[in-house]
Amino acid sequence: MTTLLILVVLVLGFMVVLRLSRVAELTSELRGLREEEIPERDNRISGRMMWAFGAIYLLWFLWLPLEYGDVFLPPPASTQGEMIDGMFTFNWWILGIVFFGTNIALFYFAGRYYHRAGRKAFWYPHNNKLELLWTVIPSVVLVAVIIYGLNVWNKITAAPVPGTMEVEVYSKQFDWTFRYPGKDGKLGAIDFRLITGENPLGIVTHKTIAARLAGLHEEVDNAKADLDARKEVLPKSKIKEKEEEIAHLNRLIERIMGLRTLMEQDIAANGENSTYLHGADDKVTKEFHLPVNTDVELVIRSQDVIHSAYLPHMRAQMNAVPGMATRMHLNTTITTDSMRTITDNPDFDYILMCNKVCGISHYNMQAPLIVESPGAFKVWNIMLPIFEKPGSSEPDTKNEAAATTSDTVKTEIAGEAEAAAGTNNQSN
Ligand SMILES: [Cu+2]
């Protein structure tokens, strides 16, 4: 109703302006003035109004951030975020100087040099010095902006210092999975052909390869048995389809056997350093935790389409591209608890979002991130189930760590908990 009223008022107001301008036209006609002959007083008023409009317009730009400053993001919660925000501020200063400089000049000259009878415009077609000036200055500024940006980007994506903890951020339509290294401190190799319900990231180990091969052989046997049983009744096209399916499964078996050969060769060549030996103790989880003030290397992957790992409070974003790993450094500086105090919001949580429109549930592809003290992080991390418990024949994916933790790990947990008790009151 209010909207309708506002619309009616606007339309009526417009009609009044039209009528008034018609009245003005008729009066000048009666006075014997031609339409293009505008008295100097009117022109001067227009000039002053130009100044008034310019002032309101520029003040409005200053007022906006003051009024809506509280809807901006809280301070950056990572060292990389501080760099990004610094770059942003640098760019805002340049934009601000150019914007206010050009607009002040625009409104000043438009208001100052309104039309006066008998005054002729000065014909000033070309000036080489000016041309040079307004080409060279923006070029220098742009080069500075680009060098600054590249410098920050190189710092965020540089090769990590040896010993930096890797955390895998794995995306698929439409959720996130995380992988933390085990005791060896390194993430193991993965291969998409090994992805199954029990091995959602396709971690490569002797056991996962054996399990996958056994599963595929079973599938082939079942398909063959099914085909034999129904060969007489199935139409030719269906038989062909079944045979193609069996051929496909056999090709997959061959490729996985090739992967096994590759793994054995790599282990023979690199011994303990082979990435194929690092996967068994990895920890796969749906929870995302990071220790505060610790440099971590995020290894970002995708199973299906291009996603983008976006941590707005960290000012961090990296595409997740199928078939490759993208990487970035992240050193968080504010724990979740501290940020709850800073934002005065007891429910505050850092969030990891997908920032590439990746499908129908893209909007909901997110996961909370808990940033906590290194002690609390360690306690949480130790409690995570290990992908392949030594001695077990099946990959361990069920959350049974607490129930089956060995005595040594239990002692370790007790020690860590004690150490962290003073600094940690993190809830998750
Ligand atoms: Cu996505």
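How many bridges join strand β6 to β9? Select residues 307-311 for β6 and you will find two bridges to β9, with the strands running antiparallel. Keep in mind throughout that this is a predicted model.

**Stop 1: the β9 strand**

Stay on the β6–β9 pair. Pick A309 and look across to C354 in β9, which stands opposite. Now add strand β10, residues 366-372. β9 and β10 pair in the antiparallel sense, over four bridges. For a marker on this side, show M353 and Q366 of β10, which stand opposite each other.

Next, turn on side chains for β9, residues 350-354. They alternate along the strand. Y350, L352 and C354 point to one face and are buried. I351 and M353 point to the other face and are not buried.

**Stop 2: the nonpolar core**

Select V169, W176, L352, L369 and V371. These residues have the most contacts inside the largest nonpolar core, a set of 41 residues. Then colour helix α8, residues 374-382. This helix gives the largest share of the core, four residues. Colour domain 2 (189-277) and domain 3 (283-416) as well. Both give residues to this core, so the core lies between them. As a general point, nonpolar side chains in soluble globular proteins tend to be buried together.

Centre on L369 and show what it touches. Leaving out residues up to four places away in sequence, the partners are F288, L290, L311, Y350, I351 and L352.

**Stop 3: where domain 1 touches domain 3**

Colour by domain. The domain assignment gives domain 1 as 29-114 + 127-157, alongside domain 2 (189-277) and domain 3 (283-416). Now look at domains 1 and 3. Twelve residues of domain 1 are in contact with 18 residues of domain 3.

On the domain 1 side, select α3 (79-112) and α4 (128-157). Each supplies at least two residues of the side that touches domain 3. α3 gives the most, with five residues. By class, this side of domain 1 has six nonpolar, five polar and one charged residues.

**Stop 4: the whole protein**

Zoom out and switch to cartoon. The protein has ten helices and ten strands. Its radius of gyration is 34 Å, well over the 22 Å that the globule rule gives for 428 residues, so the protein is more spread out than a compact globule. Show the C-alpha trace: along the principal axes, it spans about 105 × 70 × 60 Å. Buried residues make up 21% of the 428. Among contacts with a separation of 6 or more, 70% join residues 24 or more positions apart.

Key. Residues are numbered from 1 along each chain as its sequence is written. This is a predicted model: local features need pLDDT of at least 70, side-chain atom pairs count only at pLDDT 80 or more; totals for chains, interfaces and linings use all residues. A nonpolar core is a set of buried Ala, Val, Leu, Ile, Met, Phe, Trp, Tyr and Cys residues joined through C-beta atoms within 7 Å. A residue is buried if 20 or more other C-beta atoms lie within 10 Å of its own, exposed if 12 or fewer, and partly exposed in between; C-beta atoms are placed from the backbone. Domain bounds come from an automatic or database domain assignment. Two residues are in contact if their C-beta atoms, placed from the backbone, lie within 7 Å. Two strands pair if DSSP finds at least two bridges between them. Ala, Val, Leu, Ile, Met, Phe, Trp, Tyr, Cys and Pro count as nonpolar, Asp, Glu, Lys and Arg as charged, and the others, Gly among them, as polar. The radius of gyration is taken over C-alpha atoms; the globule rule is 2.2 Å times the number of residues to the power 0.38.
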